[in-house]
Structures are given as C-alpha cells and as structure tokens.
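Work through these exercises with the model open beside you. Try each task before you read its solution.

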Amino acid sequence: MAYTRSPARLAATALVGAALLAAGLAPIGVARAASHDIASFIKEHDRNGDGVVTAQEYQAVRDQQFKALDTNGDGWVSEAEYTAEFEARLNKENGTPERKAQQLKQTHIRFVAIDLDGDQKMSREEFMASGWRMFGFHDKNGDQKVDQADVALAASFKPLLDKAQSDRTAEAAGKAP
Ligand SMILES: [Ca+2]
Ligand SMILES: [Ca+2]
Ligand SMILES: [Ca+2]
C-alpha cells in the first residue's frame, strides 16, 4: 500500500491533535468522545473483566471495532461509516441541535486526525495506529497493559500537570517572571 506522509500533512495532524487535547478531548480512534480518562478506557476494553487491558486484549477489541465501523465490509472505514455510529448515539441522547452539530464537527476532526495519509478513508492500519497512540497514552508505566497502576500513576502526575498548565496560562497572560 502506498503510504505517503508528507511533513506538512503530519504537521497538520499534530496540530489537530494539539487542538483536541487543548479542548480536553484526546484524539481517539472510535467515533466516540469517551476514552480520554483511563478508568473509562479500561471499562470499554477490558473483555474478561479482570480490570486489566492487555495489549492483546486491546488489539482484539480494536479489530472488532474496525469491523463494526466498516458497515459495507469493503475493508475501509469511510467518514460516513465513521460518523454513522456516533450519530445514532447522539440521536438517542436527545441533545440540542447545536450540541449535536458541535459533536459531529469533533467527529470530523477526529476522522481527519486518524486518516494520516489524507485519502479520505480510514485503513485498518490507520485505525490501529490511532489506537496504539491512545493505548500508549494511558499506559503510564509502559508495561504494555492498562490497569489501576496506570490510574494511580496518572493521579500522581496530576498536580504537576495542573501546575504546568497554570504556569503556561500565567505566562500567556504575561504574569510570569
Ligand atoms: Ca467501509
Ligand atoms: Ca487513510
Ligand atoms: Ca501499564
């Protein structure tokens, strides 16, 4: 498969990722805005219910998700396919039209971020790459599984991250020395 990743394209992808993070949304793989905290990531991917998501388990869940998203079974997930599942959920939630439009915009941004080569369709590789970015993001201690140890580690980082954030905010406001 031809796999072109121009520097400009990658930079754009990184920017989108940064924008999502700034908005409090991690760039995730599935067309849902959920898994950005570790506890819900575990809940969503822990198949055997032992409280641990192993890399193997994650791969299996991700495979299943890709298959579910590819509703016409052509091996690719189009933006329409990607959005459809999410839209169905939104319709059930009965949100305001504004909120729905906002969420669909975020879905579009996520699709563009996952579609690394910009050919307007999501390959299994692109879907997995996005998934592993998320897995790595949650696996704070790098032991190839996501569990309570990572939740605890993330909690211990939090005061530091909050401080870094408030320092940056103060700096941006010109209040820092
Ligand atoms: Ca498809
Ligand atoms: Ca693609
Ligand atoms: Ca871990």
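**Exercise 1. Packing of H2**

Which elements do the buried residues of H2 pack against?

Solution. Remember that this is a predicted model. Start by listing the buried residues of H2: Ile38, Phe41, Ile42 and His45. Next, look down the helix axis. These residues cover an arc of only 100 degrees, which puts them on the same side of H2. Spacing along the chain explains such a pattern: an α-helix has 3.6 residues a turn, so residues three or four places apart point the same way. Now find the partners. The buried residues of H2 pack against E1, H3, H6, E4 and helix H7 (148-172).

**Exercise 2. The order of elements**

Count the helices and strands in the chain, then write their order.

Solution. The chain has seven helices and four strands. Read from the N terminus, the order is α-α-β-α-β-α-α-β-α-β-α.

**Exercise 3. The length and faces of H3**

Check the length of H3 against its expected span. Then sort out which of its residues are buried and which are exposed.

Solution. First, the length. H3 has 15 residues, and at 1.5 Å a residue they should span 21 Å. The end C-alpha atoms of H3 are 21 Å apart, so the two values agree.

Second, the buried residues. In H3 these are Tyr58, Arg62, Gln65, Phe66 and Leu69. Viewed down the axis of H3, they fall within an arc of 100 degrees, so they line one face of the helix.

Third, the other side. There, Gln56, Gln64 and Ala68 of H3 are exposed.

Last, the cover. Among the elements over the buried residues of H3 are helix H2 (38-45), strand E1 (53-54), strand E2 (77-78), helix H4 (79-93) and helix H6 (124-138).

**Exercise 4. The nonpolar cores**

Name the residues of the largest nonpolar core, and find the helix that gives the most to this core.

Solution. The largest nonpolar core has nine residues. They are Phe66, Leu69, Val77, Tyr82, Phe111, Ala113, Ile114, Met122 and Phe127. Helix H3 (55-69) and helix H5 (97-114) each supply at least two of them. H5 gives the most, with three residues. Now take one member, Phe111. Leave aside its neighbours within four places in sequence. Phe111 is then in contact with Glu79, Tyr82 and Met122. There is also a second, separate core of eight residues, including Ile42, Val53, Tyr58 and Val146.

**Exercise 5. Far in sequence**

How far apart are aspartate 63 and arginine 124, in sequence and in space? Is aspartate 63 of H3 buried or partly exposed?

Solution. Aspartate 63 and arginine 124 are 61 residues apart in sequence. From C-alpha to C-alpha, they are 8.2 Å apart in space. Next, place aspartate 63: it is found in helix H3. It has 14 C-beta neighbours inside 10 Å, so it counts as partly exposed.

**Exercise 6. Positive phi angles**

Where do glutamine 120 and glutamine 144 lie, and what is phi in each?

Solution. Take glutamine 120 first. It is found in the loop between H5 and strand E3 (121-122). Its phi is near 70 degrees, a positive value in a residue other than glycine. With 11 C-beta neighbours inside 10 Å, glutamine 120 counts as exposed.

Now glutamine 144. This residue lies in the loop between H6 and strand E4 (145-146). Its phi is near 65 degrees, again positive in a residue other than glycine. Glutamine 144 has 12 C-beta neighbours inside 10 Å, so it counts as exposed.

Notes
Residues numbered from 1 in each chain as written. Chains lettered and ligands numbered in written order. Predicted model: local features only at pLDDT ≥ 70, side-chain atom pairs only at ≥ 80, totals over all residues. Core = buried A, V, L, I, M, F, W, Y, C linked by C-beta atoms within 7 Å. Buried ≥ 20, exposed ≤ 12 C-beta atoms within 10 Å, placed from the backbone. Helix = DSSP H or I, 4+ residues; strand = E, 2+ residues; numbered from the N terminus. Contact = placed C-beta atoms within 7 Å. Expected span 1.5 Å × (residues − 1). Arc of directions from axis to C-beta.
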